[in-house]
Amino acid sequence: MQRVKLDRIDRRILADLQADGRMTNVELARRAGISAPPCLRRVRALEEAGYVKGYHAEIDPAALSFNVTVFAHVGLNSQAEADLKAFEELVKGWPEVRECHMLAGETDFLLKVVAHDWDDYQRFLTTRLTAAPNISHVKSALAIRTSKLQPGVPIDVDAGPEPEQD
């Protein structure tokens, strides 16, 4: 995977794609101030270099009756690398877990779990999560509301060229 040295146009393209992944190449090129063919070449280069990992639709959880979001703080009995990887692999098979982050500190993993209702989450908690091997403890935090949901990273379009990476 070859890295691309990002210029202002590349950062504009990334910012616009992050905001709206369905934007047409013509609109993307117009916003970047270039014509469509070089814009498409830049997008392909950014994808190949790993800056763009994919394109996704943002689905309203409530529209599909997922009315509960819980952040589960999970502690493991062992933090040996093999045990950490085994837990991560197990979590990949649980569709209700939408995010899994390994943390430094007293909690080993933070899981974002969606469920239809509180009872649905409790079933997941007792039949899958706490029943899984190597689980020491789980602390659940029910999300009351989401005031900001902004995937991706802040992109400063006007920043200078990025430093070379090794």
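The following dialogue introduces the domains, helix packing, salt bridges and two residues of a predicted model.

Trainee: Into which domains is the protein divided, and what distance separates their centres?

Mentor: The protein is divided into domain 1, residues 8-49, and domain 2, residues 61-143. Taken over C-alpha atoms, the centres of domain 1 and domain 2 are separated by 36 Å.

Trainee: How are two packed helices described?

Mentor: The description uses the angle between the two axes and the distance between them. Here, the axes of helix H1 (residues 8-19) and helix H3 (residues 36-48) come within 11 Å and cross at roughly 75°. That makes H1 roughly perpendicular to H3, since angles of 65 to 115 degrees are counted that way.

Trainee: Which residues make the contact between H1 and H3?

Mentor: H1 contributes Ile9, Asp10, Ile13, Leu14 and Leu17, while H3 contributes Cys39, Arg42, Val43 and Leu46.

Trainee: How is a salt bridge recognised, and how many does the structure hold?

Mentor: A side-chain nitrogen of Lys or Arg must lie within 4 Å of a carboxyl oxygen of Asp or Glu. The structure holds 13 salt bridges. In one of them, Asp10 pairs with Arg42, and the closest N and O atoms are 2.9 Å apart. Asp10 lies in helix H1 and Arg42 in helix H3, so this pair ties together parts that are 32 residues apart in sequence.

Trainee: Are Asp10 and Arg42 buried or exposed?

Mentor: Asp10 counts as buried, at 4% relative accessibility. Arg42, at 23%, counts as partly exposed.

Trainee: Where do Glu27 and Arg31 lie?

Mentor: Both lie in helix H2 (residues 25-32), four residues apart, which is about one turn of the helix. Glu27 forms a salt bridge with Arg31, with 2.9 Å between the closest N and O atoms. Helix H4 (residues 81-92) holds Glu89 and Lys92, three residues apart, and these two also form a salt bridge. Elsewhere, salt bridges that share partners join Arg12, Asp16, Glu27, Arg30 and Arg31 into one network.

Trainee: Which side chain of opposite charge is nearest to Asp108?

Mentor: That side chain is Lys139, 12 Å away; Asp108 is buried yet has no salt bridge. Asp108 sits in the loop between strand S2 (97-102) and strand S3 (109-115). Beyond its neighbours within four places in sequence, Asp108 is in contact with residues including Val74, Gln79 and His101.

Trainee: How far apart are Leu110 and Phe71 in sequence and in space?

Mentor: They are 39 residues apart in sequence and 6.6 Å apart in space, C-alpha to C-alpha. Leu110 is found in strand S3. Leaving out residues up to four places away in sequence, Leu110 touches several residues, among them Phe71, Glu99 and Cys100.

Key:
Residues are numbered from 1 along each chain as its sequence is written. This is a predicted model: local features need pLDDT of at least 70, side-chain atom pairs count only at pLDDT 80 or more; totals for chains, interfaces and linings use all residues. Side-chain values use heavy atoms; hydrogens and water are left out. Domain bounds come from an automatic or database domain assignment. Helices (H or I, at least four residues) and strands (E, at least two) are DSSP runs, numbered from the N terminus. Buried means under 20% relative accessible area, exposed over 50%, partly exposed in between (1.4 Å probe, protein chains only). Lys and Arg count as positive and Asp and Glu as negative; His and the chain ends are not counted. Contact means heavy atoms within 4.5 Å. Axes are lines fitted to C-alpha atoms, for helices over the stretch in contact, and angles run from 0 to 180 degrees between N-to-C directions. Angles under 35 degrees count as roughly parallel, over 145 as roughly antiparallel, 65 to 115 as roughly perpendicular and the rest as oblique.
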